[in-house]
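Here is a colleague's note for someone opening this entry for the first time. Please read the points below with the structure in view.

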Amino acid sequence: MNVATSIPTDITPDGTDYDTVRRVIEMLTEDYREQPSLERLAGRLGQSPTQLQKVFTRWAGLSPKAFLQAVTLDRAKRLLREEDMPLLEASIEVGLSGPGRLHDLFVTHEAMSPGEWKARGGGLTIRYGYHPSPFGTALVMVTDRGLAGLAFADPGEERASFEDMARRWPNAAYIEDSAATTRYAARIFDSDRWSAEEPLRIFLIGSDFQVRVWQALLKVPFGKATTYSRIADEIGQPSASRAVGAAVGRNPISFVVPCHRALGKGGELTGYHWGLTRKRAILGWEAGRA
DNA sequence: GGTCTGGGTATCT
DNA sequence: AGATACCCAGACC
């Protein structure tokens, strides 16, 4: 079926706020040597400086300049230094079945059993839909056991995003059903609707090791950050930081499982499956709200 | 930069 | 089921 026709129309006439923001972030970070002025940025986007300032600030909770400061190395290093991770509390349960409360805010999780994981999604029905989000089009995937996937797509990349996700569970049945996914999307991106009384159910589909890494990520508080090596310590395999990086990168529920809060040991952003610009955007967006 | 790294995955047997 | 080769969003020198 044609994916493009099912994508909701953009919020603003010339594209979503995120699209504007994304381009601003790209220009600010890629041309950081020039440190382009607001006037220059606006000129390149064909907007007035005041309009651009307004859109950006509404989106991020920070002015473009403050945003840039919020995602600099200095700031990331400070975040890592000051952060006395509550992670160290207790060990993560290794058990792979049964729900457990992990997220401070709003997530309960259930994970696949190893047998189910080997089936590569066989017997699983996954409903999916595309929805606008603060970070561009979001691809939401749900099962009757909860949210299983959340991906992002730049304009025109929706199909690639879907295929990237579907490859993870090649034997699952996929049904496009945005009626089923829209309430998830609405909740995920509206922090006013996060509540401990009514947690969001997520379903982690991955290997034992991956699931333990993702559980560790769920313990990192909003607006904070951790490092790949800390996660490795946390799951009791201190020498596995590189494998942790790979597992973080395979996180199927981005944003909800906050893989964007994992940084290099020195505070570098290192990588992001859905693009470093998006990682900057999410971290900055959180900084504006933390 | 180079080099070592641990675990995941694909592709054999 | 085991062996092997290759991949990676790291870490360390």
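1. A polar contact is, in this note, a pair of N or O atoms within 3.5 Å; within protein, one must be able to donate a hydrogen and the other to accept it, and residues adjacent in sequence count only if both atoms are side-chain atoms. By that rule, a polar side-chain atom of R242 lies 2.6 Å from a base oxygen of DNA strand C, while a base nitrogen of DNA strand B is 2.5 Å from an N or O atom in the side chain of R242.

2. The model is predicted, so local features need pLDDT of at least 70 and side-chain atom pairs count only at pLDDT 80 or more, whereas totals for chains, interfaces and linings use all residues. Residues are numbered from 1 along each chain as its sequence is written, chains are lettered from A and ligands numbered from 1 in the order in which they are written, and side-chain values use heavy atoms, with hydrogens and water left out.

3. DNA strand B is surrounded by residues that include W117, R120, S207 and Q237 (near means that a heavy atom of the residue lies within 4 Å). Of the strand B atoms within 4 Å of the protein, 66% belong to sugar or phosphate and the rest to bases. Phosphate oxygens of strand B are found 3.3 Å from a side-chain N or O atom of Q210 and 2.3 Å from one of Q237.

4. Around DNA strand C there are 15 residues, of which Y228, R242, V248, K265 and H273 come nearest. Here 42% of the strand atoms within 4 Å of the protein belong to sugar or phosphate, the rest to bases. A base nitrogen of strand C is 2.9 Å from a side-chain N or O atom of Y228, and a backbone N or O atom of K265 lies 3.0 Å from a phosphate oxygen of that strand. The largest share of this surface, six residues, comes from α11 (helices are DSSP runs of H or I, at least four residues, and strands are runs of E, at least two, numbered from the N terminus).

5. Helices α9 (residues 208-218) and α11 (residues 241-249) each supply at least two residues of the surface near strand B. Their axes, lines fitted to C-alpha atoms over the stretch in contact, come within 9 Å and cross at roughly 80 degrees. The two helices are therefore roughly perpendicular, a label for angles of 65 to 115 degrees.

Definitions and conventions:
Axes fitted to C-alpha atoms, helices over the stretch in contact; angles between N-to-C directions. Parallel < 35°, antiparallel > 145°, perpendicular 65-115°, else oblique.
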